[in-house]
Structures are given as C-alpha cells and as structure tokens.
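Visitor: Got a minute? I'd like to walk through this one with you.
Guide: Sure. Pull it up and ask away.

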Amino acid sequence: MSDQQGLLRSLPAVDRVLREEPLQKLTGRLPQKMLTEAVQQAVADLRCKLLAGECVPEKALDPAQVAADAADYCQPYLQPSLRKVINATGTLLHTNLGRAPLAKEALQGIQTVAEGYSTLEIDMKSGQRGHRYSHVTRWLTQLTGAEDALVVNNNAGAVLLVLTALGKGSEAIVSRGELVEIGGAFRIPEVMEAGGVKLREVGASNRTHLRDYENAISDETKILLKVHTSNYRIIGFTSDVSAAELKPLAVAKNLILMEDLGSGMLIDLTHFGLPYEPTVAETVKAGVDVVTFSGDKLLGGPQAGIVVGKKQYLQKIGRHPLARALRIDKLTLAALESTLQIYLQPEQLIERLPIFQMFSAQPQQQKLRCGKLMARLQVERLPIELTLIEDFTQVGGGSMPQVQLPGWALEIKLPEGSVDALARRLRGFIPAVVPRVQNDSLIVNLRAVAPEEEILLAQLLITAIGGEG
Ligand SMILES: *Cc1c(COP(=O)(O)O)cnc(C)c1O
C-alpha cells in the first residue's frame, strides 16, 4: 500500500514532462493546449494503472518515457485523418474506402471549378441567374432518353426527395420482395416513413404478381414504387412484376411509376462480362416516370443521387425545399459532368474510367501483376511465405452481389508474428494499405490497385513486414 502511494507521489509533473524532447519536438506543430492534454492523459493512465494495482515498472514513470507516451497520443493529429488508401482488398466499389475512383477528366473538372469562380448558377447567354442542374441535365437526358434530370447529394437523398415531393400524405405500393436495406441504415420502409408516405406492402418475399398491385390500389395510392434489389438476390421459386408490366396499370389508375435502380447503369455491362441488369435508358423507355440511381456505384463517378424522368414530375421535385437541403456541391457537379461526358464515347470507357478498367481486367493479366509483386518481395528475403492464389472478388457497394470476379492475389503468411499486427501497421502508413485478412494470412489483390501504385505498395509491404518485432 505505502509502496503504491510512493509510486503515485512519484508521477511526474505535467510541466516537467512538457520540457522533454519528444514533446519539445512537437511544439509549433500542434497547439500547446493539445500537448498539455496529452501529457495529462498519459499521467492519468499511469495513475489508473497504479490504483488498479497493476505492476508498473519504475521506468514508465520517467518524465522522458511519459513524454514519449504523450507524443504517441499526438501522432494521429500529425497526419490528416482522411488520407489516401491503396485498396488491396480486390473489392472495387468498397463503400468504406470511398467507392469509385474518379477519371482523370473528373479530377481536372474538380480542380478547375475549385480554384476559382465558375458558371455554377449563371446563364451565360442572358447573364441572368441560371440553374446548377443545367450542367448535367443535357448529358443525362442525352444518355438516358429521359425528358429531364436533376442531381442531389446521394441516391438515398434522391429517393427521400422524390417520395416526399410526389407522395407525401399518400400511399405508395411496394413489393415485399423489394423492401431493401442498404448498409448504413437506409431502409425503404423507413425512408418512406421519413418522407411522410404510407407504405402499402404487397405480395410475398419471393413472389409478387400484377394482381397484388391491382388489388392494393386505393383512393390514397399515388405511387407504384419498384426498388432494385441491388445487394441481394431472391432465388428459387420467385416472380416479380417488371416496371414495363406495371406501366399499363399506372396509366389506367393515374399513378406515378417510380423506380430506385441503385447502381444505375448507363450502358449495358454484359459487353464487359457482367450479368444483365436493365440500364437507365431501358427503364425510362419502359415508361417509368421517375428513376433514381447513384453516381458513385457502377457509374464510376462522384457521390451523387441522380433523378431522371418526366419533366412535370422533375420540376415539382426540383422546387421542393428538400431539393435545396440535399443539393449537390459544385465540385461534385464538375466531376459528374466530366464523368458523364466519357459515356458519350462508350468505346473509350475502359481506357478512361478507372472502374471499367478494374472490372474488365483479365485473370491472366492479374496473375502477371501479382507475380511481379511477389518477385519484388522475394528479393528482400523476408521471413514470410508467399503464394500466388486464385482469388474471387466482389464488385462491392451493394452492386451485383452474385458476381464473383475471377482473378489472382498474393497470399502472405507469417511463420511468426501476427497478421493482424501487420495489417495494423499497413493501415498506419501514408498512404495506408488495406489488404484482406483471411485465415491467418494477408491477401493482397491488385484488381483495385492502380498500376502506378504498384511500386509504392511493394515498398510499404516490405517496410511493414520488416518492422515485425
Ligand atoms: C446503393 C443504393 C441506395 C443508396 O444509394 P447512395 O448513393 O449510397 O445513397 C439506394 N437504393 C438502392 C437500391 C441502392 O442500391
């Protein structure tokens, strides 16, 4: 007891610790208040340990050691929190890693608009006030065949906006097989509730028929809503009613036909070996009045919620106060316009849009890249086991869950030491490296790694593995 009290008394004073070198080096790089708080935290941690009866070596109470601990607390503040990641998971639209990487043209668009002033909301012919959507409307109508278009912050926002603007106070009919939940608490029933729209569920989870919709229509019904089941598939004994089949019913009953497409393909991706999903243009052609989709899923652009459809509805949606609350910013708009322009020349998509390059990469080509990475690591004679393995990855972002893109990866096994610790070291780098940890090994998949990142990735892996204690 008296021993512990003696130790408690020997905890160093904050001022004393602040004069030590590790913290002196940080003076001028971080505010003094932050350094003081870090020292207070380090001292408080020691006090807690002592009070809990933990064995604390005397050296830990040394002011220089406490200063080093406090400097460790400060480390996260010395680098930006939002920083570059080399995505070695193989998942292309990794939502946690920012989904689609942008095209060079989109980056230029952002730079041009960010640097100074722009034509954001000015009509250059008349000099009068213009509209921010106008910059993408003409490309979107061109690419989808819709009468009109607008864009907001993201697709979740777009769905909320459309339902609120067109359906508040009334009822929308949705198939039970389409009551989707997207990661991050976006659930169709809850979005409808937030929009003040009453949900009328019809059919069963696996089967819904046209007559189910028909029988559910009441005086309160205003919208027939279709939701693309982007992130799951119901297989087996199933049937659903397509938008084209619903169209005559919507017309006869004077209802708005709306579809949330999720990813929203602007072109048919079966050319690239992906399964068939209706394109936005086909959906519009089938007679859907209002279609929503994301800008940063398979479209390969920035985060955005795109709404296309009949002018009469789009104008009503655009005038709703929520449209202002969810409005898209000028940088995103610049990136989206540049991305859409690439689609005007579909034959150039693979060359110009990173996401297309990545999902169309052939297994043989990937094997070659992984082999090159393996060779770079092998010459270092590190204490690791390297194997080229066949590796299947996902598109990600809740898109095409049934698709397993075939390819290759490098498996790294550590005879000693923990893979988790290695993964943690890799995450600490600038840029951070994020591979997959799977059954005690590290899987490095290069599908989502840009060719120009390869050398740096090898260097970071070597440093991280060499750092194994
Ligand atoms: C992804 C998705 C959303 C949400 O889109 P965000 O752009 O991520 O907001 C909504 N509906 C469906 C069907 C989706 O797949």
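Visitor: How far is an oxygen atom of the ligand from an N or O atom in the side chain of Lys297?
Guide: The distance is 2.7 Å. Keep in mind that this is a predicted model.

Visitor: And how much of the ligand's accessible area does the protein cover?
Guide: The protein covers 94% of it. On its own, the ligand has 380 Å² of accessible area.

Visitor: Which elements give two or more residues to the shell around the ligand?
Guide: Those are helix 8 (155-167) and strand 8 (256-262).

Visitor: Which residues are around the ligand?
Guide: Arg99, Asn154, Asn155, Ala156, Ile182, Phe186, His228, Ser230, Asp260, Gly262, Ser294 and Lys297. By class, the shell has three nonpolar, six polar and three charged residues.

Visitor: What does Arg99 do there, in terms of distance to an oxygen atom of the ligand?
Guide: A polar side-chain atom of Arg99 lies 3.0 Å from a ligand oxygen. Ala156 has a backbone N or O atom 2.9 Å from an oxygen atom of the ligand.

Visitor: Where is Arg99 placed?
Guide: In the loop between strand 1 and helix 6 (104-115). Its backbone deserves a look: phi is near 55°, a positive value in a residue other than glycine.

Visitor: On to the sheets. What is the order of the seven strands?
Guide: The order is 2-10-9-8-7-3-6, in an open sheet with mixed pairing.

Visitor: Why is one side of strand 2 and of strand 6 left without a neighbour?
Guide: Strand 2 (148-152) and strand 6 (198-202) are at the edges, and each has a single partner strand, so one side of each has no neighbour in the sheet. The twist from one strand to the next averages 25°.

Visitor: In what sense do strand 9 and strand 10 pair?
Guide: Antiparallel, over five bridges. Strand 9 is residues 290-294 and strand 10 is residues 305-309. Val290 has Gly309 in strand 10 as its bridge partner.

Visitor: Which strands does helix 8 lie across?
Guide: Strand 2, strand 7 (221-227), strand 8, strand 9 and strand 10. Helix 8 runs at about 160° to strand 9. Helix 13 (residues 311-319) lies across strands 2, 7, 8, 9 and 10, at about 30° to strand 2.

Visitor: Now the five strands. What order?
Guide: 1-13-14-12-11, again an open sheet with mixed pairing. Strand 1 (85-88) and strand 11 (385-393) are its edges; each has a single partner strand, so one side of each lacks a neighbour in the sheet. On average, neighbouring strands are turned by 40° against each other, direction ignored.

Visitor: How many bridges between strand 11 and strand 12?
Guide: Nine, in the antiparallel sense. Strand 12 covers residues 405-413. Phe392 stands opposite Pro406 in strand 12.

Visitor: Which helix packs on the sheet, touching strand 11, strand 12 and strand 14?
Guide: Helix 18 (residues 363-378). Its direction makes about 15° with that of strand 12. Helix 20 (residues 454-466) lies across strand 1, strand 12, strand 13 (432-438) and strand 14, running at about 90° to strand 1.

Visitor: What does Ile389 touch?
Guide: Ile389 is in strand 11. Leaving aside residues up to four places away in sequence, Ile389 touches Gly407, Trp408, Ala409, Glu411 and Ile443. Ile389 and Ala409 are 20 residues apart in sequence, yet 5.4 Å apart C-alpha to C-alpha.

Visitor: Last one. What kind of peptide bond joins Ile430 and Pro431?
Guide: A cis bond, with omega about -5°. Pro431 is in the loop between helix 19 (419-428) and strand 13.

Terms used:
Residues numbered from 1 in each chain as written. Predicted model: local features only at pLDDT ≥ 70, side-chain atom pairs only at ≥ 80, totals over all residues. Heavy atoms only, no water. Near = heavy atom within 4 Å. Polar contact = N/O pair within 3.5 Å; in protein donor to acceptor, adjacent residues only side chain to side chain. Areas by Shrake-Rupley, 256 points an atom, 1.4 Å probe, with all protein chains shown as cover. Helix = DSSP H or I, 4+ residues; strand = E, 2+ residues; numbered from the N terminus. Nonpolar A, V, L, I, M, F, W, Y, C, P; charged D, E, K, R; others polar. Pairing = 2+ DSSP bridges. Axes fitted to C-alpha atoms, helices over the stretch in contact; angles between N-to-C directions. Contact = heavy atoms within 4.5 Å.
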